[in-house]
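The following exchange examines how descriptive terms for a protein model are justified. Each answer sets a value against the criterion that applies to it.

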Amino acid sequence: MANASGLFPPWASVGQLRRVRVRPLTAIGFSAKGKVVCFGTIEGADKHASTVSPSQSPIPRLVSKGCKLVGCGSAVPTLQISNDDLSKMVDTSDEWISVRTGIRRRRVLSDRDNLTSLAVEAATKALEMAKVDPDDLDLILMCTSTPEDLFGSAPQIQKQLGCKTNPLSYDITAACSGFVLGLISAACHIRGGGFNNVLVIGADALSRYVDWTDRGTCILFGDAAGAVLIQACKSEEDGLFGFDLHSDGSGQRHLNAAIKENESNNALDSNGSIFGFPPKQSSYSCIQMNGKEVFRFAVRCVPQSIESALEKAGLPASSIDWLLLHQANQRIIDAVATRLELPSERVISNLANYGNTSAASIPLALDEAVRSGKVKPGQTIATAGFGAGLTWGSAIVRWG
């Protein structure tokens with residue numbers, strides 16, 4: 001694991017660092033092809049640390065570092081809810097749901113499982129595929145909007161994985177874009193921070209925030225977890241070719257689960273001494289969504305984002321082997337594929353079996369595609385997440 005700065009080796013003293021003159025060079029920038037380059041390692045640092053005394057050490061030179069996707073895993077709850085099951089609860093049918101969304105069934109958390117255990121299961125599978133020991137992890141990123149602790153679930157995942165080295169672990173909250181943001185964050189930690197192994201987990205349990213009497217939203221969501229191990233590599237082996245990320249807070253009104261005050265049942269009373277104190281206890285409302293507006297947003301912004309990421313990578317759309325989008329609605333997936341002129345046989349979709357699993361949808365679909373032999377090492381994937389915030393982003397990556 002790198003030192004705190006990730007930029008200078010341990011043999012460089014404070015006095016030396018003050019005397020170091022660095023030629024103009026940005027820590028993060030774009031190459032001539034529009035590829036993102038982060039500088040965060042020292043060329044020959046290990047050699048100098050063992051063979052050269054500090055007084056004789058030459059000025060270190062920053063060099064670029066790459067990252068690649070080397071392992072994946074996923075996990076889903078045991079309870080399966082079909083469209084026919086939902087038709088017994090709300091005014092809907094299997095045909096009505098499948099025609100409009102492409103969804104046939106979804107998995108939902110029950111008393112037999114919880115989100116943290118699903119995340120740990122997915123993470124364990126990813127580590128096993130990558131042949132990486134939990135003690136070799138430098139960072140764990142838990143991408144979720146539904147943690148089982150207000151202060152985050154990542155440290156509990158670290159604990160249950162049995163990491164003895166106490167790697168940094170924290171949550172990223174970006175709804176259905178969360179996994180893509182986690183992927184880019186992992187790359188920046190590796191390229192700019194000297195990390196070697198970063199575990200990115202996407203896991204959500206939106207069923208806990210669904211109004212199961214609202215047929216407009218209850219038909220859409222399911223629960224799941226997926227994980228990918230991102231590993232440092234030589235710059236020429238880099239597997240992240242380009243990315244594009246955005247947010248637009250003005251769209252929050254179209255998709256949200258806002259905080260609400262509960263009716264006060266607290267024995268304490270202000271007695272008029274301080275108005276509004278103590279504050280009422282709060283909770284989050286059920287998911288509120290304007291489906292038409294979210295659809296318009298997705299089919300407009302997602303293709304633009306992928307095209308921008310391709311441009312930064314210096315790659316044509318024809319170089320894409322697989323299109324892997326957040327699994328929200330089959331109509332959105334088809335519309336984006338049409339815009340990019342990609343045939344359906346090059347589009348990854350498991351939406352029918354799981355519904356919209358938020359931050360878990362991309363790693364879940366990737367894991368199934370890799371383990372089935374559909375996605376092979378060396379193939380290029382265009383992936384994109386989009387959803388609440390509003391947030392959206394895309395990345396062009398190579399598997400393996």
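Q: Why is Q158 called buried?
A: In this predicted model, Q158 has a relative accessible area of 14%. The cut-off for a buried residue is under 20%, and Q158 is therefore classed as buried.

Q: Where does Q158 lie, and which residues is Q158 in contact with, leaving aside its neighbours within four places in sequence?
A: Q158 belongs to helix α6, residues 154-161. With neighbours within four places in sequence left aside, its contacts are I140, C163, N166, P167 and S169.

Q: Why are α5 and α6 called oblique to each other?
A: Their axes cross at roughly 55° and come within 10 Å. An angle under 35 degrees would count as roughly parallel, and one of 65 to 115 as roughly perpendicular. The value of roughly 55° fits neither range, and α5 and α6 are therefore oblique.

Q: Is the crossing of α5 and α6 left-handed or right-handed, and which residues make the contact?
A: The crossing of α5 and α6 is right-handed. On the α5 side the contact is made by T116, A119, V120, A123, T124 and L127, and on the α6 side by Q156, I157, Q160 and L161. By class, this contact has 6 nonpolar and 4 polar residues, with no charged residues.

Q: What makes V132 a buried residue?
A: V132 has a relative accessible area of 11%. Since buried means under 20%, V132 qualifies as buried. V132 is located in the loop between α5 (115-130) and β7 (139-143).

Q: Which residues is V132 in contact with, leaving aside its neighbours within four places in sequence?
A: Those residues are L127, N197, L229 and Q231. As for L229, 97 residues separate it from V132 along the chain, while the C-alpha atoms of the two are separated by 8.7 Å.

Q: Why are α8 and α9 called oblique to each other?
A: Helix α8 (residues 291-313) and helix α9 (residues 330-339) pack at an angle of about 40°, with their axes 9 Å apart. The roughly parallel class requires an angle under 35 degrees, and the roughly perpendicular class begins at 65. The angle of about 40° falls in neither, and the pair is therefore oblique.

Q: Which residues make the contact of α8 with α9, and how do they divide by class?
A: The crossing of α8 and α9 is right-handed. From α8 the contact includes F295, A298, V299, R300, V302, P303, Q304, I306 and E307, and from α9 R331, I332, A335, V336 and R339. These residues divide into 9 nonpolar, 1 polar and 4 charged.

Q: What makes A175 buried and E341 exposed?
A: A175 has a relative accessible area of 13%, which is under the 20% limit for a buried residue. E341 stands at 69% relative accessibility, which is over the 50% limit for an exposed residue. Hence A175 counts as buried, whereas E341 counts as exposed.

Q: Which backbone value is noted for A175 and for E341, and where are they found?
A: Phi of A175 is near 50°, a positive value in a residue other than glycine. A175 is found in the loop between β8 (168-172) and α7 (178-193). E341, also a residue other than glycine, has a positive phi near 60° and is found in the loop between α9 and β17 (347-348).

Q: Why is C143 called buried and C286 partly exposed?
A: C143 has 0% relative accessibility and therefore counts as buried, the cut-off being under 20%. C286, at 29%, is placed between the 20% and 50% limits and therefore counts as partly exposed. As to disulfides, a search of the whole structure finds 0.

Q: What makes helix α11 mostly covered?
A: In α11 (residues 361-371), 9 of its 11 residues are buried. They are S361, I362, P363, L364, A365, L366, D367, A369 and V370. Across the chain, buried residues make up 50% of the 400 residues.

Definitions and conventions:
Residues are numbered from 1 along each chain as its sequence is written. This is a predicted model: local features need pLDDT of at least 70, side-chain atom pairs count only at pLDDT 80 or more; totals for chains, interfaces and linings use all residues. Side-chain values use heavy atoms; hydrogens and water are left out. Axes are lines fitted to C-alpha atoms, for helices over the stretch in contact, and angles run from 0 to 180 degrees between N-to-C directions. Helices (H or I, at least four residues) and strands (E, at least two) are DSSP runs, numbered from the N terminus. Angles under 35 degrees count as roughly parallel, over 145 as roughly antiparallel, 65 to 115 as roughly perpendicular and the rest as oblique. A crossing is left-handed if the near helix is turned anticlockwise from the far one by less than a right angle, and right-handed if clockwise. Contact means heavy atoms within 4.5 Å. Ala, Val, Leu, Ile, Met, Phe, Trp, Tyr, Cys and Pro count as nonpolar, Asp, Glu, Lys and Arg as charged, and the others, Gly among them, as polar. A disulfide is a pair of cysteine sulfur atoms within 2.5 Å. Buried means under 20% relative accessible area, exposed over 50%, partly exposed in between (1.4 Å probe, protein chains only).
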